[in-house]
Amino acid sequence: MTDRLDLPDRWRRQIEALLAEHVPEAEVWAYGSRVTGRSHEASDLDMVLRGPNLARIPTSQLSDLRDALDESSIPIIVQFHDWPRLPSSFHNEIERQHVRIRPASEALSATWAAVP
C-alpha cells in the first residue's frame, strides 16, 4: 500500500521519525494528491492521525508535532488533522483512498515499548 505514496524516501523517513517522537501512539494515514497520483514536486502532504481507540490526541502533542515539522528541513507543507476532530464526511473521503504511513500495529508497539 505504501508504494502509492508520492513522497521521496528521505522526506518520508524524516516525517516518520517526527511522528514516532511526537505522536508515538498514533496510526497515521496519508491522503490527498500524494496518494491519488495528482501530485507534483511542491504538493503538500495531507495526513490524518488516529489515536488509540480513535480518541483525541492531546493538543500539546499536536502543537509539538507542528513545531517540529515547521523546523524540519522538509521542503513541502505537511498538514495533519486529528481524526476525531474531523467531520464524518471527511472520514468517508479519506477512508476511500489513503496510505498508511504508520500502521496501528507499529503505533501500538511504540506505546507498549514506552511503558516501564
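Which residue in E2 does glutamate 27 stand opposite? The partner is arginine 50. This is a predicted model. The chain holds 5 helices and 4 strands. Helix and strand alternate along the sequence as α-β-α-β-α-β-α-β-α. Two topics get detail below: strand E1 and the largest pocket.

**Whole chain**
- The chain has 116 residues, and 41% of them are buried.
- Among contacts with a separation of 6 or more, 72% join residues 24 or more positions apart.
- The exposed area of the chain is about 6600 Å². Carbon and sulfur atoms supply 51% of that area.

**Strand E1: cover**
- E1 spans residues 27-31 and is mostly covered. Buried residues account for 5 of its 5 positions.
- In a regular strand, side chains alternate between the two faces of the sheet.
- Both faces of E1 are covered. Glu27, Trp29 and Tyr31 lie on one side, and these residues are buried.
- Val28 and Ala30 lie on the other side and are buried as well.

**Strand E1: partners**
- E1 pairs with E2, which covers residues 45-50. The sense is antiparallel, and the pairing runs over 5 bridges.
- Within this pairing, glutamate 27 stands opposite arginine 50.
- E1 also pairs with E4, residues 99-102. This pairing is antiparallel too, over 3 bridges.
- Here alanine 30 stands opposite valine 99.
- Ala30 thus appears twice in the picture of E1: it is buried, and it faces a residue of E4.

**Largest pocket**
- The largest pocket holds about 200 Å³ of space.
- Its lining consists of Tyr31, Gly32, Ser33, Thr36, Arg38, Phe90, Glu93, Ile94, Arg96 and Gln97.
- Helix H2 (33-36) and helix H4 (88-96) are the elements that give two or more residues to this lining.
- H4 gives the most, with 4 residues.
- By character, the lining divides into 3 nonpolar, 4 polar and 3 charged residues.
- Arg38 and Glu93 are among the lining residues, as are Phe90 and Ile94.

**Where the two topics meet**
- Tyr31 belongs to both topics. This residue is buried in E1, on the side that also carries Glu27 and Trp29. Tyr31 is also one of the residues lining the largest pocket.

How values were computed
Residues numbered from 1 in each chain as written. Predicted model: local features only at pLDDT ≥ 70, side-chain atom pairs only at ≥ 80, totals over all residues. Heavy atoms only, no water. Buried < 20%, exposed > 50% of the residue type's maximum accessible area, 1.4 Å probe, protein only. Contact = heavy atoms within 4.5 Å. Areas by Shrake-Rupley, 256 points an atom, 1.4 Å probe, with all protein chains shown as cover. 1 Å grid on protein atoms, 1.4 Å probe; cavity = no way out; pocket = protein on both sides within 12 Å on 5 of 7 lines; lining within 4 Å. Points joined across faces, edges and corners; volume = space filled by probe spheres on them. Nonpolar A, V, L, I, M, F, W, Y, C, P; charged D, E, K, R; others polar. Pairing = 2+ DSSP bridges.
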